[in-house]
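Visitor: I am new to this structure and would like a close look at one part of it, the strands and what packs around them. Could you take me through that part slowly, and then on to whatever lies beside it?

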Amino acid sequence: MLYNFVDTFRDYLVGSGYDPKSLIVPTCWHFPTVDWGLTASEFSNQFTLSILNEVMFIKGDPEIESRDLFNKMSELGATNVFITARAHKGAENKSRESTERWLDDWGFKYDELIISDDKTVGNTDFMIDDKPENIVDCTMHGIDAFLWRRPWNHSSRVLQDCATIAQYCNQIL
């Protein structure tokens with residue numbers, strides 16, 4: 001919810017020689033093969049290289065207002081636990097190092113960083129995510145979870161959603 005994955009990965013692919021016209025904006029969560037126009041193997045290889053070459057999770061801007069809003073929540077006494085699925089095979093350590101560096105470089109206040117596909121592993125009361133399956137899992141585990149509406153998840157039906165990070169912050173504070 002903090003990091004603009006789509007634009008950063010697109011920039012990496014274009015810089016690696018891919019035709020930008022062939023790279024459309026993802027419209028579903030399983031975008032590696034559906035929307036990027038890459039095979040699963042090609043996506044995985046390029047993604048690993050983008051991490052090891054210190055592009056993914058180091059370069060790229062935060063999502064609009066995310067730093068200010070999460071830092072405000074921290075100032076109000078919230079514990080910020082960021083749980084991200086960045087343990088990409090072959091680049092696990094680099095993913096963590098890069099994410100920590102990016103968070104620190106951008107000035108995010110956080111209490112814990114967890115790298116896991118399972119978004120229920122943290123001790124959290126609230127969750128925001130853009131993957132509908134994660135919202136369902138968190139809700140089933142008693143976490144008050146919100147789906148952040150993005151182009152790839154508009155058809156999903158979940159109990160709670162929000163259009164912006166600001167809306168999420170307003171709902172939980």
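**The strands and their surroundings**

Guide: Strands β1 and β2 pair in the parallel sense, and four bridges link them. This is a predicted model, and it is worth keeping that in mind throughout. Within the pairing, Ile83 has Ile114 of β2 as its bridge partner. Strand β1, which covers residues 81–84, is covered on both faces, with Val81 and Ile83 buried on one side and Phe82 and Thr84 buried on the other.

From the end of this pair we can move to Ser116, which is found in the loop between β2 (112–115) and β3. Ser116 has a relative accessible area of 16%, and because buried means under 20%, Ser116 counts as buried. Leaving out residues up to four places away in sequence, Ser116 touches Ile83, Thr84, Ala85 and Val121. Ser116 and Thr84 are 32 residues apart along the chain, yet their C-alpha atoms are separated by 5.8 Å. The side chain of Ser116 also has a polar atom that lies 3.0 Å from the backbone nitrogen of Asp118.

Beyond that loop there is an open sheet of three strands, in the order β3-β4-β5 and with parallel pairing. Strands β3 (126–129) and β5 (161–162) stand at its edges, and each has a single partner strand, so one side of each is left without a neighbour in the sheet. Strand β3 runs parallel to β4, residues 144–148, and is joined to it by four bridges. As an example of this pairing, Asp129 has Leu147 in β4 as its bridge partner.

Two helices pack on this sheet, and they can be taken in turn. Helix α6, made of residues 132–140, touches β3 and β4, and its direction makes about 170 degrees with that of β4. Helix α7, made of residues 165–172, touches β3, β4 and β5, and its direction makes about 165 degrees with that of β3.

Helix α7 also leads us to another helix. Two packed helices are described by the angle between their axes and the distance between the axes. For α4 (residues 66–75) and α7, the angle is about 15 degrees and the axes are 9 Å apart. Angles under 35 degrees count as roughly parallel, and therefore α4 is described as roughly parallel to α7. Their crossing is left-handed. On the α4 side the contact is made by Ser66, Leu69, Phe70 and Met73, while α7 contributes Ile165, Ala166, Tyr168, Cys169 and Ile172.

Finally, it helps to look at helix α3, and at two of its residues. Ser50 is found in this helix, which spans residues 40–52, and Gln46 is found in α3 as well. Ser50 is buried, with a relative accessible area of 0%, and Gln46 is also buried, with a value of 14%. The side chain of Ser50 reaches the backbone oxygen of Phe47 at 2.6 Å. Setting aside residues up to four places away in sequence, Ser50 touches Phe9, Tyr12, Val55 and Met56. Under the corresponding exclusion, Gln46 is in contact with Phe9, Tyr12, Leu13, Ser16 and Tyr18. Phe9 and Tyr12 therefore appear in the contacts of both Ser50 and Gln46, within the 4.5 Å that contact requires.

How values were computed:
Residues numbered from 1 in each chain as written. Predicted model: local features only at pLDDT ≥ 70, side-chain atom pairs only at ≥ 80, totals over all residues. Heavy atoms only, no water. Buried < 20%, exposed > 50% of the residue type's maximum accessible area, 1.4 Å probe, protein only. Polar contact = N/O pair within 3.5 Å; in protein donor to acceptor, adjacent residues only side chain to side chain. Pairing = 2+ DSSP bridges. Axes fitted to C-alpha atoms, helices over the stretch in contact; angles between N-to-C directions. Parallel < 35°, antiparallel > 145°, perpendicular 65-115°, else oblique. Left-handed = near helix turned anticlockwise from the far one by under 90°.
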